[in-house]
Amino acid sequence: MNDTLSAKPPRSALAKWSRRGFIGAGVLAGGGLILGVAVRPGNPIGSLAPKVAGGEGEQLVNSWVKLGPDNVVTAIVPHCEMGQGAHSVLGQMLADELDADWDKVRVMQAPTDGSYVMTDTARAFAAPFTLNAADWIEPTWNGLFTQVARLADAMITGGSSSIRTTGQHQMRIAGAAARQMLVGAAAQEWGVAASEIETRDSTLIHVASGRSAPYAQFATAAAEQPMDHTPVLKTPEQYRLIGKSKARTDIPAKVDGTAQFGIDAAPEGLKLAYAASVRPPVPGTRVARMDASRAKEMRGVLQILDMEDFVAVVAESYWHAQQALNTIEIEWTASESPIRTTADQFAAYAKAIDEAGAQGGEEAAAKGDFSSAFASAATRIEAEYKVPYLAHAPMEPINCTALVEDGRCEVWTSTQVPLMVRTAVSESLGLAKDDITIHHPFLGGSFGRRLEAVYAVMAARVAQATGYPVKMIWSREEDTQKALYRPAELSRFKGGLDAEGRLVAYDNVFTQRDDPAEASVPGIYSIPNTSVRVAAAPRHLPFAAWRSVDHSQHGFFIESFVDEAAHAAGADPLEYRLAMLKEAPRHAAVLRKVAKMSEWGQQGEEGRGKGVAIVESFGTIVAQVIEVDMASGQPRLMNAWAAADAGYVVNPDGFTNQIEGGIVFGLTAAMYGELDLADGAIVQSNFHDYKMLRINETPAITTAIINSGTVPIGGGGEPGLPPAAPALANAIFAASGKRLRELPIAKQFA
Amino acid sequence: MANFILNGEPVALDVDPAMPILWVVREVAGLNGTKFGCGIAQCGACTVHLDGQPVRSCSTPISAAEGSEVTTIEAMSGPDGELTALQQAWISEQVPQCGYCQSGQLMSAAALLRDNPAPSDADIDSAMAGNICRCGTYPRIRRAIKVAAGLAPARTEEV
């Protein structure tokens, strides 16, 4: 936080990163070039990495570029594509450094299975291999590909990280290194200085002698060129593709029905059986007994399985499986959780906060002396906020197709963590990892939902138990009620204002702290006396990273409380924030930008109000103003304006699409998102009672990007979300005088 | 035996007459462009045309299609894969994120534009409100429908 670097920071951050990497190159069987970059352990590819990291010495991520004899450049991307546009934009970053012809760039999903990478992909691509041994961590080509296979064990997509880690530190380096080697090969062949050779559109050009050649002509020779582990990367004024809104490569297949998602798995030559499953309604319980007598007689039913932790019906169609499953009467074991209801959950939180008192709990951040500043404050304010449990509800229901045959297992599924899936299936089935292959096509949304492996393990177990190749699909109800969740949270604040209305004392205590650690810290603001504490309390439902993770709660808490402080001071909420951002010029610039866009200070039509919020998350600062119309007595979302500084945006339209999506996701949660507990189980089940914002409820959204040039650059997938809820709640206060300290909002006006 | 016209071709399928069109199309006919989202006609991901009208195929039994025409996203492009103005607008406006709901969005939008070539914002709201997009691409869906209708200029790439 407090990332207030000047607009032109040193570029050494990049060079430092790249020195941790290693680069390897080889020759394709057909006479092309293949080149890869891996990064040594210890690099922070998001804090989720430990959840899937393999053993010591394993690599975290890797990327490859392949230059075919047809002059086609293929970027091989380790991240999954779940709508965030990572595939296309990572290709764009690589292609720019390579000076590749964008029309001849393809993007390929890196295979998941380590042994598959090693044997089928890498060895086939790079048979006659040469390398500069002195530069290598593992000076054999076998060693290289072992590293490649291992690093795949940590394949993960999350934390708004693809562009700023893999893109910045591998795709660009791979592209730049490949270009440098191609230039070196041409210089040698033509007998000219490398510095005289230009590159453009996948072509090598020597102007003085009038010579030019497509890259492919020098692909083989390039593999023998020395490799520079810190190739010089372009500066922004040299970019040809980076910074441009190139159309995404995955979109054409998404307008004609041909895009393949996990649920579309149709392995050739396999007649699939279909499974529906039901898990216990209360976490931690199991099947006690069941009566499946009706289901056994139903059309299409092949097998009924009591798997102890779930019940499954395998049938000739998913629909028949689900119909039969619905008739099974299941008794579950009793839960030991003392939390049975929503009220119980919040009571547990309140108890922990009460017990922490004025000083207790674990310190998350501390500055100055809160107690004396609060005691001597001219004005004191207190507030308690709460938010409910939330589900991710990606549009593609949870599913997995599995085949277990001859001691091998093949899995097709939508996942953010393909190798974690492989490890989990390996442990559950008792098969070696190398005997398991994971295919992961496009994800129909995820937002953190598919960072776990339980559904793949369930499908694999059913396939193993029945001998059928099985496509298991969870009903929407199962995904709403039996998943992992954004935690509910309670958060209490005390604030002290001095005689001029300045917020000089700030105390906040809450109960859950997951990720990222700084989410609860109001670090962007200059507040002299700050105390942030965690009074840990048990939660009934299992945790999931949910788009923007802890920022989704604390963005609402902090930005609502700061708004309350502004009103207590009788100040304009935006000016009040600016006054606290004197040490944070980037944040102030973002706030000024959104003020201008939204014509802040101009009262709209009767009944309307505007609210503002600013949150920095995943390295990106986003400020939003939301305009609401309360004339009907219920909030109607009219406009959302967003200004964002991610340092430098690689694909402005793609980034804008993510900000828009983050706003709609955040407003959906703010207006409707809520999971209640009754008898220890989740009450809501499907989109009729776990509602989503629809097109007729969505405000007009305008986004502006500020390229401040700050490095390292920030992420795009999540930062649009956190300011949305507080900006909306603050707008409702401005329009109606009603302060909302609890989400969701819609029911409070019903 | 269910007899109906699927994307212009007569088909006769030995299926349970109660089975929803969605699962017949996906699992029996092998056309995966139509998506399962909720199973209770709440999200629109499964939208197909039944005799030209958009219906939620997850909640419409195949018996309701007897003798009728069922049209899915696979039949939206022309025989040589040429895209409709609507699909082209979906690309020019870079609408999809994950893309999972977009078959249903396009089927709803196509029916709208066929019946109402110059829809207002209110017309778009009422025709598209049954289709959920969890990625939040609604502003782009609205713009793409206007672009396809010739009511707004297409986005240019080099923004």
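Trainee: Let's start with one residue: which residues does A:V411 touch, leaving aside those up to four places away in sequence?

Mentor: A good place to begin. This is a predicted model, and in it A:V411 touches A:C400, A:A402, A:V421, A:V425, A:I436, A:I438, A:H439, A:A456 and A:A460, with residues up to four places away in sequence not counted.

Trainee: How should I read a list like that? Which residues have the most contacts inside the largest nonpolar core?

Mentor: The general idea is that in soluble globular proteins, nonpolar side chains tend to be buried together. Here the largest nonpolar core has 258 residues, and A:V411 is among those with the most contacts inside it, along with A:A275, A:V313, A:A459, A:A460 and A:L728. Helix 5 of chain A, residues 163-190, gives this core its largest share, 12 residues. Another core lies apart from it, with nine residues, including A:Y349, A:I353, A:V509 and A:A537.

Trainee: And for the chain overall, what percentage of the residues of chain A count as buried?

Mentor: Of its 750 residues, 59% count as buried. Chain A has 18 helices and 28 strands. Looking at contacts in chain A with a separation of 6 or more, 78% are between residues 24 or more positions apart.

Trainee: Now a strand pair: do strand 7 and strand 8 of chain A run parallel or antiparallel?

Mentor: As background, side chains in a regular strand alternate between the two faces of the sheet. In this case strand 7 (residues 203-206) and strand 8 (residues 211-214) of chain A run antiparallel, joined by four bridges. A:H206 stands opposite A:R211 of strand 8. The two strands form a hairpin with four residues between them, and A:G210 in the turn has a positive phi of about 70°.

Trainee: What domains does the assignment give for chain A?

Mentor: The assignment lists domain 1 (12-244), domain 2 (262-333 + 398-473) and domain 3 (357-389 + 485-749). The C-alpha centres of domains 2 and 3 of chain A are 39 Å apart. Where these two meet, seven residues of domain 2 are in contact with nine residues of domain 3. The domain 2 side divides into five nonpolar, one polar and one charged.

Trainee: Last one: how many residues does each chain bring to the contact of chain A with chain B?

Mentor: Interface size is often given as the accessible area lost when the parts come together, but residue counts are handy too. Chain A brings 53 residues and chain B brings 50. On the chain A side, helix 17 supplies the largest share, eight residues. By class, that side has 27 nonpolar, 14 polar and 12 charged residues.

How values were computed:
Residues numbered from 1 in each chain as written. Chains lettered and ligands numbered in written order. Predicted model: local features only at pLDDT ≥ 70, side-chain atom pairs only at ≥ 80, totals over all residues. Core = buried A, V, L, I, M, F, W, Y, C linked by C-beta atoms within 7 Å. Buried ≥ 20, exposed ≤ 12 C-beta atoms within 10 Å, placed from the backbone. Pairing = 2+ DSSP bridges. Nonpolar A, V, L, I, M, F, W, Y, C, P; charged D, E, K, R; others polar. Domains from an automatic or database assignment.
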